[in-house]
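Trainee: I should be grateful for a close look at one part of this model, namely the place where the two domains of chain A meet. Please then set that part in its wider context.

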Number of protein chains: 2
Amino acid sequence: MNNKTIVLRSTPGIIGAASFAGKKEGEGPLAAKFDVILDDAKYLEKTWEKAESKIQYDAYQTAVKKAELNEADIDCIISGDLLNQCIASTFAHRDSDTPYLGLYGACSTFAEGILIGALMVNAGYINHTAACVSSHFCTAERQFRTPLEYGAQRTPTAQWTVTGAGCAIIGTRRENAPFITAATIGAIKDGGITDANNMGAAMAPAAFETIYTHMKNTGTSPKDYDMIATGDLGHVGARLLRELFEMEGISLENRLFDCGCEIFDSNTQDTHAGGSGAACSAVVFCAHIVEEIKKRNLKRVLFAGTGALQSVLSVQQKESIPAICHLIELSV
Amino acid sequence: MNNKTIVLRSTPGIIGAASFAGKKEGEGPLAAKFDVILDDAKYLEKTWEKAESKIQYDAYQTAVKKAELNEADIDCIISGDLLNQCIASTFAHRDSDTPYLGLYGACSTFAEGILIGALMVNAGYINHTAACVSSHFCTAERQFRTPLEYGAQRTPTAQWTVTGAGCAIIGTRRENAPFITAATIGAIKDGGITDANNMGAAMAPAAFETIYTHMKNTGTSPKDYDMIATGDLGHVGARLLRELFEMEGISLENRLFDCGCEIFDSNTQDTHAGGSGAACSAVVFCAHIVEEIKKRNLKRVLFAGTGALQSVLSVQQKESIPAICHLIELSV
């Protein structure tokens, strides 16, 4: 447990956040909170990949506006996605003329982006940065699993890749903006899971390690937080995370809030173990968590982005699935 | 030209660097300078991908030793590669138990990693970080182009993906370690090139933009530097970069040193437009540039990592090739 916790003394804030969600996400429990709900998976583009890129671009533009800034005020875009070579992100920002840092942290990319952005703002290197991610059910399904036309059956542990994009603008502190007080960079953990349809189990040990270490490094326990949010463990991974904490004699009680469990209603939406994808935690963070902190319904929150780091090829080569979790702590 | 230049006042240094190179690279002009030259593309592993991962792991271990540190001293690994979902990197570090930040900047990833690492050390967040990348001719060729068994013909503008891995340890300043005085984060540039066998042309505008902006932001000109190193423009891209500067009335003279042009002898090694791949700039930096600065043969150097941000799918979907370039400035 070598994970690194960094305390941010000048407390950068989330000064704007935008969420674009797909049609199915827009029929779920958080429907009323998204900035935009798409009518159509292609978003008037020729391909799903171009659509994903456009969604990320539009979420970025919306977040900049919501932060009451202009594009020229953004010193750096920090972005990534699940597509091979992260093309959804690089194509989204190719005409922006804005400094760009590309990340790959699978579904943890949004938390990783906020973390790096907050470190840069806190150090005074830049004034405003945008952390952006996207994912798309159709682009992910055909890249990672099977062509959609096959209509392959899904296993009970499978998760549903969220279609959408989230963008958070991080800037020097403003009145009422949720501020980022600390961050923990996670290490890669591999629990030996080889079933690519059980990401929740693959990611739970990384989530445990990062959250546990953060609490240890900051001398806190679950009762110090109003919410301990995880990215996309889903119903399987969230149950495992609870069990891993219980093995240490720690109960997460009703504080655990997994974005993958909350974005869909699994009973009526046929999403099996819940939502996943880089956009899953991003849209729930931007649409729900940020707003609840601004309303002071949540005063101190851990946001832990989880990512499974496999590829189609690594699964074909019989490798197990390494995972990672990056965490930021937020306060009113 | 919105690129962001950050001056690093506490001047973090490159306190250790290791280079592992493939057999062909070990027959080129820089052969004598690499730490390790591989006998075999599989490196005793079952697949080329596992070999690439192992090479990156070994380069990391070697760099840590050369910096006279232990693994436990490394606060953060910053890493990436060209494989889908960056599996060479995530699998290399999956047992390290060290905080990990995954990047994707194509062949600019090494410069991006040093840049982010230097910003973190300069701000006092961490004491030591490792920037690691790898690439492998066989893994890249079959992922991006054609199965090796086809024996497809290569075009004159094609570049040869370097097999190897480089790792630089960035730490608080030490006597004699090349120190990092400034960095410029590049923006994505797309010059409209659609030929995936002409990366040099796709990347030259991004290299120009970042280097030109860095000089403008720091009030310098080529004569202030002993070397202006670019990552992997190759012979085609390097010529274009010279021309772009000449259009602004600026001559790079003999200061331009492209790692892709220098790693192979194109006349005898059949590498056409030169070397490329994330490891290209990394091994040349670690084996040659760092050493020349330490010997004080070079006193002030720009190191500009270049990356082409396309994927197989984006090329199939008839997109042009966006590119990026991140720069660090080094001094004795």
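**Where the two domains of chain A meet**

Mentor: In this predicted model, 53 residues of domain 1 of chain A are in contact with 57 residues of domain 2 of chain A. Several elements share the domain 1 side of this boundary. Those that each supply at least two residues are strands E1, E2 (13-21), E4, E6 (128-135), E7 (160-161) and E8 (164-171), together with helices H3 and H4 (137-144), of chain A. H3(A) provides the largest share, seven residues. Sorted by class, the domain 1 side that touches domain 2 of chain A has 28 nonpolar, 17 polar and eight charged residues.

The bounds of the two parts should now be stated. Domain 1 of chain A covers 4-171, and domain 2 covers 179-331, according to the domain assignment. Taken over C-alpha atoms, the centres of these two domains of chain A are separated by 17 Å.

Let us step back to the whole of chain A. Its secondary structure consists of 10 helices and 14 strands. The radius of gyration of chain A is 18 Å, close to the 20 Å that the globule rule gives for 332 residues, and chain A is therefore as compact as a globular protein of that length. The C-alpha trace of chain A spans about 50 × 50 × 35 Å along its principal axes. Of the 332 residues in chain A, 63% are buried. Among contacts in chain A with a separation of 6 or more, 79% are between residues 24 or more positions apart.

We may now turn from the boundary inside one chain to the boundary between chains. Here 51 residues of chain A are in contact with 52 residues of chain B. On the chain A side, two or more residues come from each of strand E1 (4-7), strand E4 (76-81), helix H2 (87-92), strand E5 (100-102), helix H3 (109-122) and helix H10 (312-316). H3(A) gives the most to this side, with four residues. H3(A) thus deserves attention at both boundaries: it gives the largest share to the domain 1 side facing domain 2 of chain A, and it gives the most to the chain A side facing chain B. The side of chain A that touches chain B has 26 nonpolar, 17 polar and eight charged residues.

How are the two chains related in space? A turn of 180° and a shift of 0.0 Å along the axis lay chain A on chain B with an RMSD of 0.0 Å. This is the relation of a two-fold axis. Within chain A, the C-alpha nearest the axis belongs to A:Leu103, 2.0 Å from it. The same surface serves both copies, since 100% of the contact residues of chain A recur in chain B.

One residue of chain B offers a local example. B:Lys54 is found in helix H1 (residues 48-66) of chain B. Is B:Lys54 buried or exposed? B:Lys54 has 20 other C-beta atoms within 10 Å, and it is therefore buried. Leaving aside neighbours within four places in sequence, B:Lys54 is in contact with B:Tyr43 and B:Glu45. From C-alpha to C-alpha, B:Lys54 and B:Tyr43 are 7.9 Å apart in space, and they are 11 residues apart in sequence.

Finally, a word on confidence. The mean pLDDT of chain A is 96, and 99% of its residues reach 70 or more. For the complex, the predictor gives an ipTM of 0.98 and a pTM of 0.98. Where pLDDT is low, predicted coordinates should not be read in detail.

Methods: Residues numbered from 1 in each chain as written. Chains lettered and ligands numbered in written order. Predicted model: local features only at pLDDT ≥ 70, side-chain atom pairs only at ≥ 80, totals over all residues. Contact = placed C-beta atoms within 7 Å. Nonpolar A, V, L, I, M, F, W, Y, C, P; charged D, E, K, R; others polar. pLDDT = per-residue confidence, 0-100. Buried ≥ 20, exposed ≤ 12 C-beta atoms within 10 Å, placed from the backbone. Domains from an automatic or database assignment. Least-squares fit on C-alpha atoms with pLDDT ≥ 70 in both. Rg over C-alpha atoms; globule rule 2.2 N^0.38 Å.
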